[in-house]
Amino acid sequence: MKNNKTSLLLSIVAVLALIVMVMSGVQIINTRAALSPATAVYRGEIELGHLDVTMLENHKPVDGTLLNDLKDIDPGKEYKEEISVRNDSDVDEYVRLVIRKYWSDKSEKRVTLDPELIVLSYSGKDYNDNAWVENKAEATTERKVYYLRKILPGETESEDLFDTIMINDEIMDKYEITTTKEGNSTITRLVYEYDGYYINLEAEVQSIQQAEADSAAASVWGNTGVSIDTASKTVKVGE
Amino acid sequence: MRNKNIKLLAACLLAVAIIFTTVKGTLAYFSDYENAAGKKPVHLYIETRIDEPVDTNDNKHVTIANTGETPLIVRVRAFYKGDFVKYTDEEGKWTQLGDWWYYTEVLQAGESTSELFIEIIKENAPEFNFDIVVIEESERVVYKDGKITPKAADWLYKDYKEAE
């Protein structure tokens, strides 16, 4: 009885091993050693392409920080803030930029002040008129997503997504005023609602391969309603 | 016992079949990304101080100090009864439009205006006690295309327009 049980288990193991080998595509072939003249060694190499996208601020690569050239910011005044991307690989890629703008306090905690008062512009033109197109389906008051209309060739730089940043002077509409008398002097204080808060700008550039771009876009960017016309190598938003 | 072994074998075969039919291959796509972030504080706090010391002849020496954090445009006005007050601006940095005197330069944080001397003309002054009340208005400078905008100080713009 014991021998029967052992042989059965061995049979099971053997069958399983055979199934695994067959389904894994392993082939057992006869090997044979034979003397043969040596032949020249031919070697082929296949190099896998890689994507390398770099964000540029004022046409210089960023090191993880933005607003580097901005010292002070006055309401209603436009400051140079040119954001673009560069394809540092030798293969073409499709690119999108995700922008977030919001207000925070000194402790870096987000506050509910109006993000729309942080204005990013491209020479006063609508985004749809230039190389980038916004997918409004992905937009919130804080978050905007822009797609480069055409594929970005290797070793090239895109046009600017925007080139100025400004705080709308409406932030000065809300304030409280107090006056105190000290001897021959009168002190007046205006405390604005937005005083002491920080404007925040975040950007993330995401690129995908050109082969099977539609599937890559769905996998990497998600279900955004954006499609890619591989024939014309253009990104279609909301079409 | 034989049935038990057959069940065991069937279970093993089923397990192998499940593994090979449910674990599908995964597709990976080439992609790359890069992040960056930055922030800047916004200073809007305005604080001004009117210094109006009175000399022995009851004249007032008015200056406005910008004790806040931002550049300002300022104007002052004196309230009094009768026609017995004379304004003197020795440095020529104040200009009068209507009842208001405007400081013609942007007053930077930490700076003070030049003096606006308010002199009482005694011969015109009434004999009863009187007082000169000085008020000041200031507004933060707002730029547009590198210039101070009318919106920066609606009162300034309106008064200029009325003076034209």
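In this predicted model, strand S3 (residues 79-87) of chain A runs antiparallel to strand S9 (residues 162-167) of chain A, and 3 bridges join the two. Within this pairing, A:Tyr79 stands opposite A:Ile165 in S9(A). S9(A) also pairs with strand S6 (residues 118-121) of chain A, in the antiparallel sense and over 4 bridges. There A:Leu120 is the residue opposite A:Ile165 in S9(A). A:Ile165 thus has A:Tyr79 across from it in the one pairing and A:Leu120 in the other.

**The open sheet of chain A**

These pairings belong to an open sheet of 5 strands in chain A, with the order S2-S1-S3-S9-S6 and antiparallel pairing. Strand S2 (60-61) and S6 of chain A form the edges; each has a single partner strand, so one side of each is left without a neighbour in the sheet. At the S2 end, 2 bridges join S1(A) to S2(A), and the two strands run antiparallel. A:Glu57 stands opposite A:Lys60 in S2(A).

The loop between S1 and S2 of chain A holds A:His59. This residue is not a glycine, yet its phi is positive, at about 65°. A second residue of this kind is A:Glu108, also with a positive phi of about 65° and also not a glycine. A:Glu108 lies in the loop between S4 and strand S5 (110-111) of chain A. As general background, most residues other than glycine have a negative phi. Are these two loop residues buried or exposed? A:His59 counts as exposed because it has 11 C-beta neighbours inside 10 Å, and A:Glu108 counts as exposed because it has 9; the cut-off for an exposed residue is 12 or fewer.

**The two chains in outline**

The table sets out the make-up of each chain.

| Chain | Helices and strands | Residues and buried share | Share of contacts (separation of 6 or more) that join residues at least 24 apart |
|---|---|---|---|
| A | 2 helices, 14 strands | 239 residues, 27% buried | 69% |
| B | 2 helices, 11 strands | 164 residues, 21% buried | 67% |

Read along its sequence, chain B follows the pattern α-β-β-β-β-β-β-β-β-β-β-β-α.

**Contact between the chains**

How many residues of each chain take part in the contact between chain A and chain B? On the side of chain A there are 58 residues, and these are in contact with 39 residues of chain B. The elements of chain A that give two or more residues to this side are helix H1 (2-23), strand S1 (53-57), strand S11 (185-192), strand S12 (198-209) and helix H2 (213-220). Of these, S12(A) gives the most, with 12 residues. By residue class, the side of chain A that touches chain B divides into 31 nonpolar, 19 polar and 8 charged residues.

Strand pairing also crosses from one chain to the other. S11(A) and strand S2 (residues 46-51) of chain B run antiparallel and are joined by 6 bridges. In this pairing A:Arg189 stands opposite B:Glu47 in S2(B).

**The nonpolar core**

The largest nonpolar core has 63 residues, among which A:Tyr94, A:Tyr147 and A:Ala203 touch the most other members. Which residues does A:Ala203 touch, leaving aside residues up to four places away in sequence? In chain A they are A:Met55, A:Leu66, A:Ile83, A:Leu97 and A:Ile99, and B:Ala36 is touched in chain B.

**Confidence in chain A**

The mean pLDDT of chain A is 85, and 82% of the residues score at least 70. Among the elements of this chain, strand S4 (residues 93-104) has the highest mean pLDDT, at 97, and H1(A) the lowest, at 66. For residues 25-31 of chain A the pLDDT is below 50, and this stretch has 1 contact in the model beyond near neighbours in sequence. H1(A), the element with the lowest mean pLDDT in chain A, is also one of the elements that give two or more residues to the side touching chain B.

Conventions
Residues are numbered from 1 along each chain as its sequence is written. Chains are lettered from A and ligands numbered from 1 in the order in which they are written. This is a predicted model: local features need pLDDT of at least 70, side-chain atom pairs count only at pLDDT 80 or more; totals for chains, interfaces and linings use all residues. A residue is buried if 20 or more other C-beta atoms lie within 10 Å of its own, exposed if 12 or fewer, and partly exposed in between; C-beta atoms are placed from the backbone. Two residues are in contact if their C-beta atoms, placed from the backbone, lie within 7 Å. Two strands pair if DSSP finds at least two bridges between them. Ala, Val, Leu, Ile, Met, Phe, Trp, Tyr, Cys and Pro count as nonpolar, Asp, Glu, Lys and Arg as charged, and the others, Gly among them, as polar. pLDDT is the predictor's confidence in each residue, from 0 to 100. A nonpolar core is a set of buried Ala, Val, Leu, Ile, Met, Phe, Trp, Tyr and Cys residues joined through C-beta atoms within 7 Å.
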